[in-house]
Amino acid sequence: MSEHRRLRFADLGFAMLLGVGLLIVFGALDFYGKQLQRQALQTEEHLTSRDLRHADEQLGHLFRHVDLQLRTLLEGGHAYFSPDDWSRQLDYALLNAPHLRSLSVLNDNGEIIASTSSGNIGLRPAFAHYLPQPSTISEVLRIGPPHAGRDLADSVAITDNRQPTPAVGFVPVVRGLSIGEAGQVSLLATLNLDYLQRLLDDLRRRPTDRIALFRQDGVRLLDTDPPTEHQRMIERTLINHWQTGQSVHLSIADAYDDQGELTAYRMHSRLPLVITMQMDRTQALVEAHREGRERTAVVAPLALLGMAAALVGYLLFRFAGNRERKLRKQEEKRRKLLESALNASAIPAVITNREATIEWVNPAFASLTGFDAAEAIGRKPKDLVKSGMQPPSYYEDMWKTILAGAVWRGEVINRRKDGSFYDEALTITPVADDNGTITHFVAIKEDITLEKAAARELERLATTDPLTGSHNRRAFMEAVQHELERVRRYETPASILMLDLDHFKRVNDEFGHAAGDTVLKHFVTQLGTSLRSADTLGRIGGEEFAVLLPETDLAGARDIANRIRTEIAARPAITDEARIPITVSIGVTIIHPSDISPDHILARADDGLYLAKRNGRNRVETVTREAPPTGE
């Protein structure tokens, strides 16, 4: 897939992400709003249940109070029988009953014989519509239908719920008392609808709430507001509920309909009364809607701001990404150019990671080592070319330098794939990232085998006698200087032999200089068989030679000198012209820590050589500072 298409897909994906984010935010706000509504309805359910209980208690308390008042009057006044006596008792009782409009006494035949309202006397109220409905007047409080009018004499009973609650009216209640053989006496009280209306108004939490009081048979006694046709339909539904035996109905979630009404009712446990409440669902959710709007007013701008910030961030990211891709392309182009240059270079180059694992080599590396890229990548240089010619401390110093971030330069001897050794000049450069952490190492190699060989040859020519192959005077004097320093430091013994071929001038004169050169080379060869590997032979000049004997005291040096003298005398030099016998005179001395210089030591050995020459040649003489020379 091309980079352009990837970016198009990225833009589309980001746009979809923003869309999903907005849907999530507004979905969350909607969910939160619905949660608030549910919580508000649950709260409304709780408060409505509480209000129903409170209203039921208030109305029940009022009707129980009326019942108690009637029963008290009946039980205390049944002995009077006289209408005048009853009238006095009723007038007195009505003075302390603002909730009652009138009190009337009925005889056994249901006729009013005494009343606080004279117009009621002689009336026979019809108890067919009172609840409960026993066959005769009983000792139970019975509740009649609402009446329009001021009292029994000018009232009309209302049993049709389609008629509104009268502006002036009352609810009659009756209670009877059996008086034995004298029959029964009953009291009828009319409850003032205005008083009941005020009581229900006080129970409303909101002006829009509607409370109604029903009898169990569905007759509405009164309500706080005239019902609409829709509310009447709800009332009929509620009546069907409680007439099937359900004493409490309160289900806010299921109680509202298209008109937004919340309805509930509660039946009194002892009286044939039911109180209902109808509430405007919109009013119940006002606070929830307000809080939802407030939360939306806060969250929605923040969400949009966040989306805008995300969009700006994405655009900046795209801009930075485009810039980074441009730089990366430039860097890749530059890298390829550098890689091409390194591949074309004759200088071997290696790139490793921090753990020294090879990640890239150029063809010149394969030419130098014999290992191609496939063989080298993934392996470490020490597994490929390490020769073992450098001590571990050498590599420890190298790692200490490059891990510190410094460039290391040095020379090493490595091994090619075919097993041959070669010298190389090595430069290792650490590569760090933007945080300064070393991630790679770049090694540049240079094959210096020929240069090192030439240098060694020059060194050999500078330190070796060209005729005999032994050390020349300068190299030998340097060796003596090093040994003198060692003797001074460690106080170990070391000796010097000064040797000179006897009558060498006669050999040159008699056999020629070529034969003389042959004799010198024969002499050096014979010395090589007699000396140890640690000993150093040097040609001081002409036919004069010197030998450095480390770790050798004077006695040991004298023994070595005598062995050399004997072996040289026993093996004449053979040339094309003749067999030439040779002898050697040797001066021996020991190196003292207090010696000033190698010249001082060689001068003392030369003194011994002089003594050997003077005392007859082909002999060994020793010279020390502590004793006179002795000959052998």
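L305 belongs to helix α7, which covers residues 286-344. The model here is a predicted one, and in it L305 comes out as exposed, with a relative accessibility of 58%; the cut-off for that label is over 50%. As for its place relative to D433, the two residues are 128 apart along the chain, and 37 Å separates their C-alpha atoms.

From that exposed leucine, the story moves to an open sheet. Five strands make up this sheet, and reading across gives the order β14-β13-β17-β16-β15, with antiparallel pairing. In general, strands of a sheet pair through backbone hydrogen bonds, and they can do so in a parallel or an antiparallel way. Which strands sit at the edges? They are β14 (358-361) and β15 (408-415), each of which pairs on one side only. Going from one strand to the next, the twist averages 30°.

The pairings can be taken one at a time, beginning at the β15 edge. Strand β16, residues 421-432, runs antiparallel to β15, and 8 bridges hold the pairing. One point to look for here is R415, whose bridge partner is F421 in β16. Two helices pack on this sheet. Helix α11 (residues 392-403) touches β15, β16 and β17 (438-447), and its direction makes about 140° with that of β15. Helix α12 (residues 449-463) also touches β15, β16 and β17, with its direction at about 125° to that of β16.

Further across, β16 and β17 run antiparallel and are joined by 9 bridges. A432 stands opposite I438 of β17. These two strands form a hairpin with 5 residues between them, and in this hairpin G436 takes a positive phi near 85°. Next comes the pairing of β17 with strand β13 (residues 349-353), again antiparallel, over 5 bridges. There, A349 faces I444 in β17.

Another hairpin is worth a look: β11 is joined to β12 through 5 residues. The pairing of β11 with strand β12 (residues 273-280) is antiparallel and spans 7 bridges, and A264 is found opposite M277 in β12. Is β11 enclosed or open to the outside? Of the 7 residues in this strand (residues 261-267), 6 are buried, so β11 is largely enclosed by the rest of the structure.

Then there are the nonpolar cores. The largest has 45 residues, and F63, V173 and L191 have the most contacts inside it. Helix α1, residues 3-77, gives the most to this core, contributing 11 residues. What surrounds V173? With neighbours within four places in sequence set aside, V173 is in contact with F63, V66, L70, L141, R142, I143, L187, L188, A189 and L191. Apart from the largest core lies another one, made of 28 residues, among them V507, V519, L520 and A561.

The aromatic residues round off the picture. How many aromatic pairs does a search of the whole structure find? The count is 7. A pair of aromatic rings is described by the distance of the centres and the angle of the planes. Y394 and Y395 make an edge-to-face pair, at 5.9 Å centre to centre and with 85° between the planes. Y394 is partly exposed, at a relative accessible area of 24%, whereas Y395 is buried at 18%; under 20% is what counts as buried. Y395 has a charged partner too: the charged end of K386 sits over the Y395 ring, 4.9 Å from its centre.

A further pair is that of F523 and F545. Their ring centres are 5.2 Å apart and the planes meet at 55°, so this pair is tilted. It links distant parts of the chain, with F523 in helix α15 (residues 513-530) and F545 in strand β20 (residues 544-550), 22 residues apart. Both F523 and F545 are buried. Finally, F214, W242 and Y265 come together as one aromatic cluster.

Technical notes
Residues numbered from 1 in each chain as written. Predicted model: local features only at pLDDT ≥ 70, side-chain atom pairs only at ≥ 80, totals over all residues. Heavy atoms only, no water. Core = buried A, V, L, I, M, F, W, Y, C linked by side-chain atoms within 4.5 Å. Buried < 20%, exposed > 50% of the residue type's maximum accessible area, 1.4 Å probe, protein only. Helix = DSSP H or I, 4+ residues; strand = E, 2+ residues; numbered from the N terminus. Contact = heavy atoms within 4.5 Å. Phe/Tyr/Trp six-rings, centres within 6.5 Å; stacked < 30°, edge-to-face > 60°. Lys NZ or Arg CZ within 6 Å of the ring centre and 35° of its normal. Pairing = 2+ DSSP bridges. Axes fitted to C-alpha atoms, helices over the stretch in contact; angles between N-to-C directions.
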